[in-house]
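Subject: The structure you asked about

Hi,

Here is the structure to look through, and my notes on it follow underneath. Have it open beside you while you read.

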Amino acid sequence: MSNLDLVKEITARFEKNTDDQAVLDKYFSPDFVHWANGKRSDLQGYAAHLARYEREYKGFTIPGWDEAFEAGDKVVVAYTLEATRKDGGVERIPVMAIWRIQDGKVISLREVDGR
């Protein structure tokens, strides 16, 4: 599986908004580093970041990828996340992210979202 395919598989699993810990255990390195809108955290911090989304939203979709390509050990993506709130409303959140993958595991993720 290519690194791009891996990122798309991970993202598809996160879109379901369930069992994020299983995804983290399977695909993420224990020493993973996460940057979100300029703030750095670790795997535990990323889990908390995902849990916040799970609390606030019912589900997510990515109707299309604006950009998605591999560059060495990195995967660069840009898309608009359609997030369905618990009240049924939909937010459109632009996202740009750089994933770094080593030996089939995500070792870092830098993302900026318009949320």
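Let's start with helix α1, and with the residues of α1 that are buried: N3, L4, L6, V7, I10, T11 and F14. Looking down the axis of α1, you'd see those buried residues fall within an arc of 160°, so they line one face of the helix. If that spacing seems odd, remember that an α-helix has 3.6 residues a turn, so residues three or four places apart point the same way. Helix α1 itself covers residues 3-15, and its 13 residues reach 18 Å from the first C-alpha to the last, close to the 18 Å expected. Keep in mind throughout that this is a predicted model.

Helix α2 (residues 20-27) can be read in a similar way. Its buried residues are D20, V23, L24 and Y27. They cover an arc of only 100° around the axis, which puts them on the same side of α2. And what do the buried residues of α2 pack against? They pack against α1, β1, α3 and β7 (105-113).

Now for the aromatic rings. The count comes to 10 aromatic pairs. Take F28 and Y46: their ring centres are 5.6 Å apart and their planes sit at 40°, so this pair is tilted. F28 belongs to strand β1 and Y46 to helix α3 (residues 43-56), so the pair ties together parts that are 18 residues apart in sequence. Are F28 and Y46 buried or exposed? Both F28 and Y46 are buried.

Y46 also forms an aromatic pair with F32, again tilted, at 5.2 Å centre to centre and with 45° between the planes. Since F32 lies in strand β1 and Y46 in helix α3, this pair ties together parts 14 residues apart in sequence. F32 has a relative accessibility of 1%, so it counts as buried. For Y46 the relative accessible area is 4%, which means buried as well. Put the rings together and you get one aromatic cluster, formed by F14, F28, F32, Y46 and W99. You've met F14 already, among the buried residues of α1.

One more ring to look at is W35. R110 lies over the face of W35, at 3.7 Å from the ring centre.

Back in strand β1 (residues 28-36), have a look at S29. Why does S29 count as buried? Its relative accessible area is 9%, and buried means under 20%. Leaving out residues up to four places away in sequence, S29 touches L43, K105, V106 and I107.

Finally, zoom out to the whole chain. There are 3 helices and 7 strands, and from the N terminus on the elements run α-α-β-β-α-β-β-β-β-β. The C-alpha atoms fill a box of roughly 40 × 30 × 25 Å along the principal axes. A compact globule of 115 residues would have a radius of gyration near 13 Å, and the chain has 13 Å, so the two agree. Of the 115 residues, 41% count as buried. As for contacts with a separation of 6 or more, 47% of them are between residues 24 or more positions apart.

A good way in is to find Y46 and then look for its two partners described above, F28 and F32.

Cheers

Note on methods
Residues numbered from 1 in each chain as written. Predicted model: local features only at pLDDT ≥ 70, side-chain atom pairs only at ≥ 80, totals over all residues. Heavy atoms only, no water. Helix = DSSP H or I, 4+ residues; strand = E, 2+ residues; numbered from the N terminus. Expected span 1.5 Å × (residues − 1). Buried < 20%, exposed > 50% of the residue type's maximum accessible area, 1.4 Å probe, protein only. Arc of directions from axis to C-beta. Contact = heavy atoms within 4.5 Å. Phe/Tyr/Trp six-rings, centres within 6.5 Å; stacked < 30°, edge-to-face > 60°. Lys NZ or Arg CZ within 6 Å of the ring centre and 35° of its normal. Rg over C-alpha atoms; globule rule 2.2 N^0.38 Å.
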